[in-house]
Amino acid sequence: MKKVAIVMGSDSDMAVVKPAALMLRKLEIPFAVRIISAHRTPEAAASFARGAAGEGFGVLIAAAGKAAHLAGALAANSPLPVIGIPVKSSTLDGLDALLSTVQMPSGMPVATVAIDGAQNAAILAAQILALGDEALAGRVAALRAEQTRKVIEKDEQLQKNIENILEA
Ligand code: RP5
């Protein structure tokens with residue numbers, strides 16, 4: 001199976017990135033987690049992206065905050081689909097990273113998830129890989145069924161407890 005790379009611009013992004021790694025593990029997708037900065041280690045970012053397809057990666061996830069150019073820098077150097085996670089790490093609450101990640105020029109796409117939306121980045125990566133992997137498609141479908149069931153259960157609980165909640 002193709003691997004997913006989770007690349008973050010700084011070790012300070014780890015708490016945001018962790019749910020993506022946990023979701024990939026839950027879906028039994030092999031992954032690597034790396035710290036590579038578009039600004040502080042630009043050569044390493046380019047070289048990692050150039051080699052990623054050859055090393056068995058199928059999707060690249062890039063998490064970065066502030067003037068977040070990591071996703072774009074990887075996309076510029078790899079034909080693989082790149083998913084950007086804008087990280088809330090500054091005084092601008094992640095809006096800076098969101099705009100830096102999402103506003104890619106035509107011809108160089110980055111699929112951008114919500115600010116700190118690591119779990120969705122992993123699920124989107126899984127959906128991309130699942131196009132060519134029926135077993136993985138089954139696991140993604142099971143994940144959806146699980147979350148559907150959880151919402152229905154919560155609604156059932158709410159219907160039972162609504163009067164108590166309103167009286168509390
Ligand atoms: C970005 O700048 C990183 O992705 C991180 O979100 C932010 C701050 O990095 P540190 O100064 O904490 O290393 O490049």
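Author: A polar contact is a pair of N or O atoms within 3.5 Å; within protein, one must be able to donate a hydrogen and the other to accept it, and residues adjacent in sequence count only if both atoms are side-chain atoms. This is a predicted model, where local features need pLDDT of at least 70, side-chain atom pairs count only at pLDDT 80 or more, and totals for chains, interfaces and linings use all residues. Residues are numbered from 1 along each chain as its sequence is written, and side-chain values use heavy atoms, leaving out hydrogens and water.

Reader: OK, what pattern does the protein follow along the sequence?
Author: Start with the pieces: six helices and five strands. These are DSSP runs numbered from the N terminus (helices H or I, at least four residues; strands E, at least two). Read in sequence, they give β-α-β-α-β-α-β-α-β-α-α.

Reader: In what order do the five strands sit in the open sheet?
Author: Strands pair if DSSP finds at least two bridges between them, and here the pairing is parallel. Strand 2 (31-35) and strand 5 (111-112) are the edges, each pairing on one side only. The order is 2-1-3-4-5.

Reader: Which residue in strand 2 stands opposite Met-8?
Author: Strand 1 covers residues 3-8 and pairs with strand 2 over five bridges, in the parallel sense. Opposite Met-8, in strand 2, you'll find Ile-35.

Reader: What angle does helix 2 make with strand 3?
Author: Helix 2 (residues 42-52) packs on the sheet and touches strand 1, strand 2 and strand 3 (57-65), with contact meaning heavy atoms within 4.5 Å. Axes are lines fitted to C-alpha atoms, for helices over the stretch in contact, and angles run from 0 to 180 degrees between N-to-C directions. For helix 2 against strand 3, that's about 155 degrees.

Reader: And helix 4, what's its angle to strand 4?
Author: Helix 4 is made of residues 95-102 and lies across strand 3, strand 4 (82-87) and strand 5. Its angle to strand 4 is about 160 degrees.

Reader: How far is an oxygen atom of the ligand from an N or O atom in the side chain of Asp-13?
Author: Asp-13 is one of the residues around the ligand, along with others including Arg-40 and Ala-64; that means a heavy atom within 4 Å. Ser-10 has a side-chain N or O atom 2.6 Å from a ligand oxygen, and for Ser-89 the distance is 3.2 Å. For Asp-13, it's 2.5 Å.
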